[in-house]
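Visitor: I have a model open on my bench computer and would like a friendly tour. Could you walk me through how its helices fit together?
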Amino acid sequence: AHRAQLSERTFARRFVAETGTTPLRWLSMQRVLHAQQLLEETTLSVEEVAQRCGFGGAALLRHHFTRVVGIGPKDYRRSFAATLSGRVTATDE
């Protein structure tokens, strides 16, 4: 809002008009999408994925992830993880 030189209320109203969702919901969705990618492509712990995606902790990640995706992060990883040869580990970065 500040960068756009708008009040928070005006920014939020325009954001919803353009995207169909609130800034907070959009941000949460982007974080969940990032978490999905990390869960599929890395062997990082759920706690580390949560930290990297901006959730602050695994409990909050699980809450938002389950609300959006319909299953928890561990179950998602079990179902959609890439092959082991293509994974990035915490020690690789």
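What follows is a short exchange about confidence, a helix face and a helix pair.

Guide: This is a predicted model, where local features need pLDDT of at least 70, side-chain atom pairs count only at pLDDT 80 or more, and totals for chains, interfaces and linings use all residues. Residues are numbered from 1 along each chain as its sequence is written, and side-chain values use heavy atoms, with hydrogens and water left out.

Visitor: Which element of the chain has the lowest mean pLDDT?
Guide: pLDDT is the predictor's confidence in each residue, from 0 to 100, and the chain averages 89. Helices are DSSP runs (H or I, at least four residues), numbered from the N terminus. Among the elements, α3 has the highest mean, 97, and the lowest, 93, belongs to α5.

Visitor: Why do the buried residues of α5 lie on the same side?
Guide: Buried (under 20% relative accessible area, 1.4 Å probe, protein chains only) applies to Pro73, Tyr76 and Arg77 in α5. They share a side because the directions from the helix axis to their C-beta atoms cover an arc of only 100°.

Visitor: Which exposed residues does the opposite face of α5 carry?
Guide: Exposed means over 50% relative accessible area. Turned away from the buried side of α5 are Lys74, Arg78 and Ser79.

Visitor: Are α2 and α4 roughly parallel or roughly perpendicular?
Guide: Their axes, lines fitted to C-alpha atoms over the stretch in contact, come within 10 Å and cross at roughly 95°. Angles of 65 to 115 degrees count as roughly perpendicular. The two helices are therefore roughly perpendicular.

Conventions: Axes are lines fitted to C-alpha atoms, for helices over the stretch in contact, and angles run from 0 to 180 degrees between N-to-C directions. Angles under 35 degrees count as roughly parallel, over 145 as roughly antiparallel, 65 to 115 as roughly perpendicular and the rest as oblique.
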